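Colleague: Please give me a close look at the charged side chains of this model, and place them in the context of the backbone around them. I should like one connected account rather than a list.

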Amino acid sequence: MKKEYIRYKQTKKEFSQMIDHMAQLCKIPSISKFSKVNTYPFGIDCNNALNYILKLAKSFGFIVYKDPKKMYGFAQLGNGKKIIGILAHLDVVPEGDKEQWISDAFSPIIEKDKLFGRGSLDDKGPAIINLYAMKYIKDKNLLDSKWSIRIIFGLSEETNMLSMKTYLKDFGTPYISYTPDGEWPLIYAEKLIYHVNLWFPEIPNLKLEAGKVVNQIPDSIYAKYPEINNMQSLFKDGETKYDETKGILKIIGKSGHGSTPEKGDNAIIKFFKAFQEFMPKFKSNALLKFITQNFVDDKFDLENIFPKYEDYSGKLSANLGMIRTIPGHYILGFDLRVPVTHSRSEIFSDLSKYVAKLNNKIQIEPISTKPAKRIDKDDKLVKILMETHNEHYGENLEPIAIGGGTYARLFDRCVAFGSTKYMHLMHGPNEYFTFSEIKDSLDIYINALYRLQDYDDEK
């Protein structure tokens with residue numbers, strides 16, 4: 001029998017306290033930078049973020065654990081053998097172009113009913129909400145003795161996921177779990193993620209630099225070339241800045257999540273489209289041909305390279321996230337989100353064929369792959385969580401497939417569940433979490449943790 005839905009109304013003081021905890025956590029610039037020899041393997045800021053949330057969890061009365069090697073930590077309620085896992089991450093992507101933020105990315109502010117700050121939505125805000133949901137279960141004595149709830153804090157989700165992989169090696173997979181790092185209502189399938197660098201021959205005298213991570217749409221590019229200031233006429237007002245002293249032109253785009261490249265304005269692509277017009281003699285250049293052949297009409301499916309890459313999880317999408325200039329070459333970093341039914345060998349094969357025809361001097365450098373994830377829509381875990389979401393909103397939605405990559409792909413019996421309808425805001429400037437979604441999420445997670453204890457009894 002399905003448990004009755006709990007409608008929880010925090011007091012203004014309790015809600016304000018929760019928002020303050022989110023803001024304090026978002027102040028920590030926990031951009032993950034892995035080092036095998038560092039005392040803090042993902043950087044001291046990631047360690048500080050972990051210390052902050054573990055201290056908060058301990059104040060709530062939870063059992064806390066910090067890996068001696070500082071790779072991860074967790075907080076636990078209860079001692080039952082069956083663990084409900086909540087997989088959160090405390091690392092964030094870089095702020096991008098600082099000038100596009102209404103405040104410093106790591107100085108959170110409240111504007112009306114929104115909390116602005118890097119990590120507010122991805123994934124520090126949801127981590128705090130789930131800690132408060134656990135607190136409610138504890139305070140109301142709603143945990144069955146057979147169960148425990150463990151919220152696990154990873155420190156490298158945005159990069160190599162090594163933090164959570166280390167947890168898995170040490171403790172294994174929870175009985176059931178979810179990660180509050182996706183999109184409502186629930187994600188049952190995640191595309192394969194393929195990161196690759198392409199090395200192109202350099203154009204004489206043209207120096208370029210853009211992007212810090214490939215899973216973020218680059219919001220600016222810096223270009224140096226003789227008389228490049230004359231390119232400004234090809235852009236709208238406010239889209240460029242020229243540094244006369246250094247002779248560098250900055251082209252401004254709009255950032256966002258690499259899984260939804262169509263939601264931003266890619267500064268690298270914007271530059272090359274204008275540069276082709278500015279210097280038509282380079283139209284036959286391999287790099288410019290690559291851009292014009294594959295990023296036209298605001299399409300990002302690279303159909304000329306990967307024909308018919310589409311299934312129930314959607315089409316392939318490509319984010320050109322980074323460009324660097326080294327002697328003789330440009331290195332372009334791509335983040336490909338590939339439909340579930342396609343493989344990395346297919347991707348490499350089709351990319352190789354295309355590149356060979358375009359220019360045999362182009363080099364392919366595969367960087368990393370994250371496997372696709374799929375769980376059956378009729379799985380008990382999916383059913384419990386979908387019913388909980390739909391009951392809260394009075395809706396009848398179905399689970400969805402996305403290009404985003406979450407911890408769910410590392411775990412058995414795990415899905416991405418919430419905690420926003422606006423996932424495209426996650427990696428962009430002025431990332432924010434609305435108060436209404438925060439309140440809704442808390443309600444939903446409380447009920448999810450309550451009802452998941454009936455997992456074995458679901459038919």
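**Charged residues and their surroundings**

Modeller: On the surface, R7, K9, K12 and K439 come together as a patch of positive charge. The model is a predicted one, and the values that follow are computed from it. Within this patch, K9 belongs to the segment that precedes helix α1, residues 12–26. Its relative accessible area is 72%, so K9 is classed as exposed, the limit for that class being over 50%.

From the patch I turn to the charges that are paired. The structure contains 18 salt bridges. One of them joins K2 to E391, with 3.6 Å between the closest N and O atoms. This pair connects distant parts of the chain, as K2 stands in the segment before α1 and E391 in helix α8 (residues 380–393), 389 residues apart. K2 has a relative accessibility of 46% and therefore counts as partly exposed, since it falls between the limits of 20% and 50%. E391 is likewise partly exposed, with a relative accessible area of 32%.

A second salt bridge is formed by K250 and D97, whose closest N and O atoms lie 3.1 Å apart. Here too distant parts of the chain are linked: K250 is in strand β13 (residues 248–252), while D97 is in the loop between β3 (82–89) and β4 (109–111), at a separation of 153 residues. Both K250 and D97 are buried, whereas K2 is partly exposed.

D265 and K270 make a further salt bridge, with the closest N and O atoms 2.6 Å apart. The two partners fall into separate classes of exposure. D265 is partly exposed because its relative accessible area is 29%, above the 20% under which a residue counts as buried. K270, at 13%, is under that limit and is therefore buried. Beyond single pairs, salt bridges with shared partners unite D97, E99, K241 and K250 in one network.

Two other charged residues stand out by their backbone. D298 is not a glycine, yet its phi is positive, near 55 degrees. D298 is located in the loop between α6 (286–294) and β14 (310–311). With a relative accessibility of 63%, D298 is over the 50% limit and so counts as exposed. R413 also has a positive phi without being a glycine, in this case about 45 degrees. The loop that holds R413 runs between β20 (400–402) and β21. R413 is partly exposed, at 36% relative accessibility.

Aspartates also take part in an unusual peptide bond. The bond from D122 to D123 is cis, with omega near 5 degrees. D123 lies in the loop between β5 (114–116) and α3 (124–139). A cis peptide bond also leads from W184 to P185, again with omega near 5 degrees. That proline, P185, sits in the loop between β7 (176–179) and β8 (187–190).

For the context in strands, consider β16, residues 317–326, where seven of the ten residues are buried. Its partner is β17, residues 329–338; the two strands run antiparallel and are joined by nine bridges. One charged residue of β17, D335, is the bridge partner of N319. Two residues lie between the strands of this hairpin, and G328 there has a positive phi near 90 degrees.

The loop that follows β21 offers a contrast in exposure with K9. M426 lies in the loop between β21 (414–416) and β22 (432–434). Its relative accessible area is 2%, which means that M426 is buried, the limit being under 20%. The C-alpha atom of M426 is 9.6 Å from that of S255, although 171 residues separate the two along the chain.

In summary, the charged side chains described here range from the exposed K9 of the positive patch to the buried pair K250 and D97, and this pair belongs to the network that also includes E99 and K241.

Note on methods
Residues numbered from 1 in each chain as written. Predicted model: local features only at pLDDT ≥ 70, side-chain atom pairs only at ≥ 80, totals over all residues. Heavy atoms only, no water. Buried < 20%, exposed > 50% of the residue type's maximum accessible area, 1.4 Å probe, protein only. Helix = DSSP H or I, 4+ residues; strand = E, 2+ residues; numbered from the N terminus. Pairing = 2+ DSSP bridges. Patch = residues over 30% accessible without salt bridge, like charges linked within 9 Å, V, L, I, M, F, W, Y side chains within 5 Å. Areas by Shrake-Rupley, 256 points an atom, 1.4 Å probe, with all protein chains shown as cover. Salt bridge = Lys/Arg side-chain N within 4 Å of Asp/Glu carboxyl O. Lys, Arg positive; Asp, Glu negative; His and termini not counted. Charge placed at Lys NZ, Arg CZ, Asp CG, Glu CD.
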